[in-house]
Amino acid sequence: MAPTTDNAGFAGDAGTARSSLEALRTEIAKAVVGQDPAVTGLVVALLCRGHVLLEGVPGVAKTLLVRALASALELETKRVQFTPDLMPSDITGSLVYDARTAEFSFQPGPVFTNLLLADEINRTPPKTQSSLLEAMEERQVTVDGTPRPLPEPFLVAATQNPVEYEGTYPLPEAQLDRFLLKLTIPLPSRQDEIDVLTRHAEGFNPRDLRAAGVRPVAGPADLEAARAAVAKTAVSAEITGYVVDICRATRESPSLTLGVSPRGATALLATSRAWAWLTGRDYVIPDDVKALALPTLRHRIQLRPEAEMEGVTADSVINAILAHVPVPR
């Protein structure tokens with residue numbers, strides 16, 4: 001099923017890019033303890049030019065994770081705290097009258113950055129949430145009829161609290177589908193939490209990543225080389241069929257009112273290719289699809305109310321489908 005070639009098909013700069021991106025884990029671990037899966041997910045999203053929804057309770061280092069990633073990649077990052085009174089122009093920017101020139105000039109909003117942290121995105125009304133849609137999908141912002149391209153690379157990392165729903169505006173399915181991945185940020189293990197407290201006792205300052213030893217180990221050039229290599233990662237007809245079968249099974253699940261769309265199937269194929277390349281192969285195997293199925297699909301399905309009351313979760317439905325869909329040999 002899989003081609004027999006290994007890393008020989010990659011150009012030298014792609015191999016260097018992979019080594020640099022692998023070094024991100026070590027570098028970010030200087031600031032963030034025990035969140036390797038989230039780091040990997042963010043790197044996969046950057047390789048696929050996608051966006052990430054981070055879900056976790058307050059205080060599990062979601063903001064620090066994005067800041068550390070930006071520092072290790074030598075990218076610009078900005079943070080927006082989403083609130084009920086936030087306006088679309090507070091994100092995209094607006095035209096401002098300049099009395100000296102008697103003209104309007106465009107003042108860019110915080111969306112003009114490489115890594116935008118949209119903190120608690122579900123605390124702002126749908127009108128403001130939707131102001132990110134054009135930026136996420138088209139990678140541009142249109143103000144007064146003029147499209148303005150965003151920097152490259154560009155990634156939105158939006159956070160939401162999974163337990164506090166009072167005063168929130170749940171993201172509609174159409175906007176959830178725009179996120180490539182939904183990553184859950186768990187509470188740390190006992191040992192990881194001890195390590196966090198020990199670091200703080202020794203003077204760690206989360207606002208000073210340079211002092212913590214976080215240094216740039218990769219950059220935009222590495223991302224471009226990596227993206228070019230991912231685009232050449234081979235996908236067999238059997239793997240394509242496997243991805244389609246998984247997504248079609250979600251549409252037939254009795255536990256779901258909404259299954260995965262063709263956009264979701266395309267996303268799963270893209271993330272599987274990125275994961276295959278990161279792990280050192282130039283072809284995709286079924287294990288790559290399985291590894292990325294949960295973060296790529298969990299936010300693209302909708303549970304029936306009766307299934308939710310019985311304790312069924314999106315992850316359990318996807319795991320059951322992965323267990324039953326025939327795996328190509």
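**Chatting through a predicted model**

User: Let's start at the tail end of the chain. Pro-326: buried or exposed?

Analyst: Pro-326 is exposed, at a relative accessible area of 66%. That clears the cut-off, because exposed here means over 50%. Keep in mind that this is a predicted model.

User: Noted. Where is Pro-326 found relative to the helices?

Analyst: Pro-326 is in the segment that follows α13, the helix covering 314-324.

User: And what separates Pro-326 from Thr-77 in space?

Analyst: Their C-alpha atoms are 42 Å apart, and 249 residues of chain lie between Pro-326 and Thr-77 in sequence terms.

User: Let's zoom out. How many helices and strands are in the protein?

Analyst: The protein has 13 helices and 11 strands. Its radius of gyration is 21 Å, close to the 20 Å from the globule rule for 329 residues, so the protein is as compact as a globular protein of that length.

User: What does the C-alpha trace span along its principal axes?

Analyst: The span is about 70 × 50 × 45 Å.

User: What share of the residues counts as buried?

Analyst: Of the 329 residues, 49% are counted as buried. On the surface side, the accessible area is about 15500 Å², and carbon and sulfur atoms hold 54% of that.

User: Charges next. How many positive and negative side chains are there?

Analyst: There are 32 positive and 40 negative ones, with the centres of the two sets 2 Å apart.

User: Now the inside. Which residues have the most contacts in the largest nonpolar core?

Analyst: Leu-21, Ile-28, Leu-47 and Trp-277 do, in a core of 74 residues. A second core, separate from that one, has 23 residues, and Leu-86, Phe-106, Leu-132 and Phe-154 are included in it.

User: Back to Leu-47. Which residues is it in contact with, leaving aside neighbours within four places in sequence?

Analyst: Leu-47 contacts Leu-21, Leu-223, Ala-226, Arg-227, Val-230, Ala-274, Trp-277 and Leu-278. Distant pairings show up in the overall statistics too: for contacts between residues at least 6 apart in sequence, 79% join residues at least 24 apart.

User: Leu-21 and Ile-28 make me curious about helix α1. What about Ala-14: buried or exposed?

Analyst: Ala-14 sits in α1, which runs over residues 12-28, and it counts as buried at 4% relative accessibility. Beyond residues up to four places away, Ala-14 touches Ala-225, Ala-229 and Trp-277. From Ala-14 to Glu-224 the C-alpha distance is 8.9 Å, for a separation of 210 residues in sequence.

User: What about Arg-18, buried or exposed?

Analyst: Arg-18, also a residue of helix α1, is buried, with 9% relative accessible area. Its C-alpha is 6.4 Å from that of Leu-278, which is 260 residues away along the chain.

User: Switching to another arginine: what does Arg-304 touch, not counting residues up to four places away?

Analyst: Arg-304 touches Pro-254, Ser-255, Leu-256 and Thr-257. For Thr-257, the C-alpha separation is 5.5 Å across 47 residues of sequence. Arg-304 is in the loop between β11 (302-303) and α12 (305-309), and it is partly exposed at 32%.

User: Nice. Any backbone oddities? Which peptide bond is cis?

Analyst: The one from Glu-152 to Pro-153 is cis, with omega near 0°. Pro-153 belongs to the loop between β7 (146-149) and β8 (155-160).

User: And which residue has a positive phi of about 75°?

Analyst: That is Ala-61, even though it is not a glycine. Ala-61 lies between β1 (52-55) and α3 (62-73), in the loop, and is partly exposed at 28% relative accessibility. Glu-120 is also a non-glycine with a positive phi, about 55°. Its loop joins β5 (115-119) and α5 (126-138), and at 21% Glu-120 counts as partly exposed.

User: Why flag these?

Analyst: Because most residues other than glycine have a negative phi, and most peptide bonds are trans.

User: Last one: what does Thr-92 touch, leaving out residues up to four places away?

Analyst: Thr-92 touches Phe-106, Pro-108, Gly-109, Val-111, Phe-112, Ser-131 and Val-141. Its place is in helix α4, residues 89-92, and it is buried at 12% relative accessible area.

Key. Residues are numbered from 1 along each chain as its sequence is written. This is a predicted model: local features need pLDDT of at least 70, side-chain atom pairs count only at pLDDT 80 or more; totals for chains, interfaces and linings use all residues. Side-chain values use heavy atoms; hydrogens and water are left out. Helices (H or I, at least four residues) and strands (E, at least two) are DSSP runs, numbered from the N terminus. The radius of gyration is taken over C-alpha atoms; the globule rule is 2.2 Å times the number of residues to the power 0.38. Buried means under 20% relative accessible area, exposed over 50%, partly exposed in between (1.4 Å probe, protein chains only). Contact means heavy atoms within 4.5 Å. Accessible areas come from the Shrake-Rupley method with a 1.4 Å probe; for residues, only the protein chains shown count as cover. Lys and Arg count as positive and Asp and Glu as negative; His and the chain ends are not counted. The place of a charge is taken as NZ of Lys, CZ of Arg, CG of Asp or CD of Glu. A nonpolar core is a set of buried Ala, Val, Leu, Ile, Met, Phe, Trp, Tyr and Cys residues joined through side-chain atoms within 4.5 Å.
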